[in-house]
Amino acid sequence: MMALNGTPAADTPLLEVRTLSVAYGRKAVALNAVNLTVPKAGVVALLGANGAGKTTLIRTVSGLIRLHNGAITGGEVLLEGKSIAGLSADRIVRLGMGQVPEGRLVFKNLTVEENLQVGGAILPRATLAERLDAVYDLFPRLAERKDQAAGLMSGGEQQMLALGRALAASPRVLLIDELSLGLAPLIVGAIYQQLKKIREHFGTALLIVEQNARLALGICDYAYVLERGEIVLAGPAELVAASERMHESYLGARAERQAAAG
Amino acid sequence: MLVQFLLTGLALGSIYGLVALGFAVIYKAERVFNFAQGILMVCGAYLAYTATTQLGLPFPVAVIVIIAAAALLGIVIQFLFIRPLSGQPLLPVIMITIALSIILKALIEILYGVQPKPLATSLPTGVLILGDVRLSQLNLTAAVVSWVCMGVFFAFFRFTKAGLLMRATADSHEAAILSGVNVNRINAGAWAIGTILAVIGGVFLGQIQLASTELEHIGLLALPAVVIGGLQSIPGAIVGGILVGVIEQLASGYISPKARDVFIYIPLLIMLLVRPWGLFGNRELGRV
Amino acid sequence: MTSVSTSRTAMPIDEFAPSAPARQKAAARPLRWLWLAVAAAVLVYLPFVLHDRAILGYRLSNIQLLNVGLAQLNLTLIAVLGAVSLNYLTGCAGLVSIGHAAFFAVGAMAAAATGAQLGLPFLVSLVAALIAGAAAGVLAGLPSLRVRGLYFVLSTMALHFIVVFAFSEYQYAAFDVFGISYPQPAIGPFALDSALKWYFFLLPIVVLCCLACNYSLKHREGRALLAVRDNEQAASSSGIDVRVLRLKAFAFSSAIASLAGALQAYYLTTVSTELYSLNLAISFIAMIIIGGMGSIAGGVVGALVWLLLPSVLTGFAGELGAAGGGLAKIFVEHRPQVVNLIFGSLVAVLLIFAPGGIVGAARKLTKLVRPGAEA
Ligand SMILES: Nc1ncnc2c1ncn2[C@@H]1O[C@H](COP(=O)(O)OP(=O)(O)OP(=O)(O)O)[C@@H](O)[C@H]1O
Ligand SMILES: [Mg+2]
């Protein structure tokens with residue numbers, strides 16, 4: 001792994017992944033000794049191509065990996081210094097880890113309001129209403145569609161809803177998997193604007209998985225690059241963005257060169 | 001005669017609708033196609049026998065005991081039989097519910113003997129005569145109670161947090177887990193509700209006929225009822241149940257009691273071929 | 001929980017080169033022939049043991065024979081036909097059928113129409129049962145063209161009730177409430193008038209059917225069926241007509257079941273509609289779960305357990321009865337219930353802990369004991 005200068009905030013990190021290895025089934029190794037840290041209220045990006053293992057990392061951290069027939073073969077996942085590797089996914093959520101999964105996964109037959117209520121079901125009733133108002137403030141579009149069935153909304157709206165649902169539980173750290181997948185750039189831009197606000201308003205730490213590196217590097221403080229299950233590059237956003245390797249493979253330098261050559 | 005058959009069919013159909021509703025709740029929660037629903041219904045009849053005849057409890061207390069026992073039974077079944085197979089393909093899951101029904105039936109026959117038992121609940125047994133239509137008060141009570149139960153059930157799903165979480169879990173297990181929902185507990189709850197509904201139906205059928213494991217066949221009519229109504233649809237289960245009740249009465253009344261099954265299963269077959277998602281189901285969701 | 005496939009992985013469809021294990025098998029061939037010879041000798045000698053209640057002149061007590069009689073063995077052979085044909089369909093083709101008892105009924109009806117009503121010879125009525133079974137199988141398989149998984153299971157259940165209704169109408173119209181009586185079966189001048197003769201008539205049929213199922217599975221069509229089972233899309237895109245194959249599998253399986261139904265009817269001499277209950281259909285599914293889905297051996301083992309275990313248990317309970325345990329008493333008083341309880345629990349336990357059934361568990365064990373050996 002190539003470490004660029006500078007480490008994330010020094011005191012106990014909110015989320016820490018230590019030499020984590022994960023395999024699907026008996027053989028298919030998806031992650032190999034991955035280290036990653038998300039500081040309190042930090043925004044961290046996890047970049048990588050298709051099949052690099054980004055989703056696998058998210059699933060492992062959130063405890064969903066067993067549901068997908070995967071297993072941790074080594075290493076640790078710590079939330080505020082406490083190991084959460086063996087816990088069930090719903091316990092982990094109740095400990096303050098929210099997730100916006102790949103492919104959105106809203107409750108299609110429930111209304112927008114009900115989706116958010118389920119999202120915030122772990123909160124006491126009194127705080128829930130307040131929290132939902134905050135979510136509606138962040139995404140006024142959701143407020144307009146309160147009573148619509150989630151399955152009938154557009155992709156972008158569903159993505160907002162998935163984000164809103166995760167936020168409704170007041171997570172301390174939010175894992176976001178490929179927000180931009182299959183959405184129009186305009187909508188993606190709008191949602192990313194809101195992501196910035198999430199940290200400001202709620203102090204939530206974010207771990208953002210993205211294939212679109214430019215997008216993610218635009219809002220994160222720190223970035224990791226995953227290739228074939230291993231972290232190959234890590235560092236503050238500006239340094240990662242400026243690195244040669246990044247330019248080569250992810251920010252389109254190669255494509256530009258090819259275009260020039262062709 | 002027609003009115004007579006229709007009314008009786010409606011009353012019995014309400015009971016089937018109740019049992020089918022229980023079936024649909026279990027199906028929606030975990031995608032478990034419960035072949036044991038029929039025998040769960042039979043358990044209701046025998047629970048009523050134990051509570052009223054064997055223990056001699058006053059009827060209101062007996063009702064509470066029966067419902068509590070049913071909930072417990074559902075939870076235990078989910079824990080012992082269903083949870084170990086969660087995530088498995090269709091056939092093993094269907095088979096374990098069949099194994100469950102074999103086991104329950106054997107246990108009932110060992111505990112209570114094979115002779116049918118008459119129930120002595122304090123449900124009304126008189127006959128209402130309206131013109132030339134005779135309506136048994138028991139059937140009428142059964143219908144009314146079934147409708148009340150359905151109403152309570154709808155209110156539960158619509159207005160309570162537990163109901164909301166159940167609907168959410170039925171919609172997407174993974175998303176529910178990601179919302180911090182303990183889906184095991186929710187599924188156990190679904191089994192408790194499904195069993196309670198079957199058991200209430202069983203108390204009535206046991207009183208109308210006799211408590212006997214033969215009632216299982218009637219309980220199994222919940223299957224075609226649910227599929228005709230639409231596997232994924234709760235109102236569908238109820239309408240399907242009523243439809244099956246009416247068809248049953250008309251077929252046994254006008255043709256012969258033996259013809260009952262064919263007149264229920266032929267529409268089922270047609271429905272499967274033409275509209276597999278059922279009368280009320282959703283086309284996309286109905287593809288299994 | 002919507003796919004029907006078991007845990008076996010897809011086999012490449014158009015790869016026919018013998019694999020490494022196949023070559024190993026060829027090397028082990030002499031040993032295999034020895035085993036076959038021993039098995040054949042046992043199968044031929046077994047009925048005489050059961051008939052004479054003695055082995056090599058040495059008398060055996062009832063319990064030493066596990067309380068099993070020759071008549072039971074014959075019924076078991078018939079059940080093997082049912083279980084193996086269902087396993088062919090369910091385990092190997094990924095089609096679940098709750099309608100297998102219905103095919104037994106079809107066979108019994110075909111035999112009744114030809115053998116009992118028209119007075120045609122026994123063998124002719126068996127052929128009629130085969131044909132009727134195949135035709136009924138194609139009809140029953142038709143819904144599989146439109147619906148999959150659970151809906152298909154339900155369509156077979158609906159067919160069950162429809163066939164049973166047809167059977168009872170037929171029985172009441174052409175015969176009486178007591179059931180359909182079949183004439184004494186005979187092959188030319190030889191009457192099948194003893195359990196021993198029946199055994200030697202049934203045994204080759206069963207062996208033949210097992211071999212046929214096995215052959216079909218191991219060769220082109222069977223492999224294609226396995227491919228269909230594991231991944232329909234892949235199979236369709238590789239140019240296999242999934243629908244025709246599936247119908248063929250259905251016809252083949254139900255022809256055997258129907259033959260078994262005719263044999264059973266002749267063997268029992270009288271059958272009536274109550275025999276063909278949903279429980280019978282379920283018992284076949286239970287057999288293949290107990291034995292192990294997806295293999296011929298699984299069907300055989302399952303049928304053996306299902307038909308022989310009850311009398312074995314009865315035998316032991318009878319032995320114990322004198323010693324007077326409370327359990328033995330319960331068993332004697334509620335024999336069918338206790339047997340059902342044991343079967344139901346057995347199925348549940350196997351489903352949870354050994355989804356491959358007895359055969360699957362045995363294979364795992366042999367692999368543990370002798371790594372590298374193919375069971
Ligand atoms: N459920 C699974 N079973 C087996 N292998 C899996 C499973 N899910 C993912 N994999 C494999 O693990 C590797 C990492 O996959 P993962 O989904 O984590 O990648 P990703 O970085 O999220 O890719 P993408 O950008 O396409 O979403 C891939 O090779 C993939 O094929
Ligand atoms: Mg991914």
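Colleague: Which side chains does R18(A) meet in a salt bridge?

Modeller: In this predicted model, R18(A) forms a salt bridge with the side chain of E76(A), at 3.4 Å from N to O.

Colleague: Which parts of chain A does that pair tie together?

Modeller: R18(A) belongs to strand β2 (residues 15-24) and E76(A) to strand β5 (residues 70-79) of chain A, so the salt bridge ties together parts that are 58 residues apart in sequence.

Colleague: Why can such side chains pair at all?

Modeller: Side chains of opposite charge can pair when their charged atoms come close.

Colleague: How many salt bridges does the structure hold over all chains?

Modeller: There are 15 over all chains.

Colleague: Let us turn to the ligand. Which residues come nearest to ligand 1?

Modeller: The shell around ligand 1 has 15 residues, and the nearest of them are G51(A), K54(A), T55(A), T56(A) and E102(A).

Colleague: Which element gives the most to that shell?

Modeller: That is helix α1 of chain A, which spans residues 54-62 and supplies 4 residues of the shell around ligand 1.

Colleague: What lies 2.8 Å from an oxygen atom of ligand 1, and what lies 2.7 Å from one?

Modeller: At 2.8 Å there is a backbone N or O atom of G51(A). At 2.7 Å there is an N or O atom in the side chain of K54(A).

Colleague: Which residue lies 3.3 Å from a nitrogen atom of the ligand?

Modeller: H68(A) does, through a backbone N or O atom.

Colleague: How much of ligand 1 does the protein bury?

Modeller: The protein buries 64% of the 630 Å² that ligand 1 exposes when taken alone.

Colleague: And what is the shell like by class?

Modeller: Around ligand 1 there are 7 polar residues, 4 nonpolar residues and 4 charged residues.

Colleague: Now the interfaces. How many residues are in contact between chain C and chain B?

Modeller: Chain C has 46 residues in contact with 51 residues of chain B. The area buried between these two chains is about 4,200 Å², and carbon and sulfur atoms give 80% of that area.

Colleague: What does the rule find there in the way of salt bridges?

Modeller: It finds 1 salt bridge across the interface of chain C and chain B. K258(B) pairs with E169(C), with the closest N and O atoms 3.5 Å apart. Between these chains, 3 residue pairs are in polar contact, both residues being at pLDDT 80 or more.

Colleague: Which elements of chain C give two or more residues to that side?

Modeller: They are α6 (143-146), α7 (149-174), α12 (278-291) and α15 (335-353) of chain C. The element that gives the most is α7(C), with 15 residues. By class, the side of chain C that touches chain B has 30 nonpolar, 13 polar and 3 charged residues.

Colleague: What about chain A and chain B?

Modeller: Here 23 residues of chain A are in contact with 18 residues of chain B. The buried area is about 1,800 Å², with carbon and sulfur atoms giving 63% of it.

Colleague: How many salt bridges does the rule find across that interface?

Modeller: The rule finds 2 salt bridges between chain A and chain B. One of them joins the side chains of E114(A) and R158(B), at 3.9 Å from N to O. In addition, 6 residue pairs are in polar contact, both residues being at pLDDT 80 or more.

Colleague: Which helices of chain A each supply at least two residues there?

Modeller: On the side of chain A that touches chain B, α2 (89-94) and α3 (112-119) each do so. The residues of that side divide into 13 nonpolar, 5 polar and 5 charged.

Conventions
Residues are numbered from 1 along each chain as its sequence is written. Chains are lettered from A and ligands numbered from 1 in the order in which they are written. This is a predicted model: local features need pLDDT of at least 70, side-chain atom pairs count only at pLDDT 80 or more; totals for chains, interfaces and linings use all residues. Side-chain values use heavy atoms; hydrogens and water are left out. A residue is near a molecule or strand if one of its heavy atoms lies within 4 Å of it. A polar contact is a pair of N or O atoms within 3.5 Å; within protein, one must be able to donate a hydrogen and the other to accept it, and residues adjacent in sequence count only if both atoms are side-chain atoms. Accessible areas come from the Shrake-Rupley method with a 1.4 Å probe; for residues, only the protein chains shown count as cover. Ala, Val, Leu, Ile, Met, Phe, Trp, Tyr, Cys and Pro count as nonpolar, Asp, Glu, Lys and Arg as charged, and the others, Gly among them, as polar. Contact means heavy atoms within 4.5 Å. Buried area is the accessible area (1.4 Å probe) that two parts lose on being put together, summed over both. A salt bridge is a side-chain nitrogen of Lys or Arg within 4 Å of a carboxyl oxygen of Asp or Glu.
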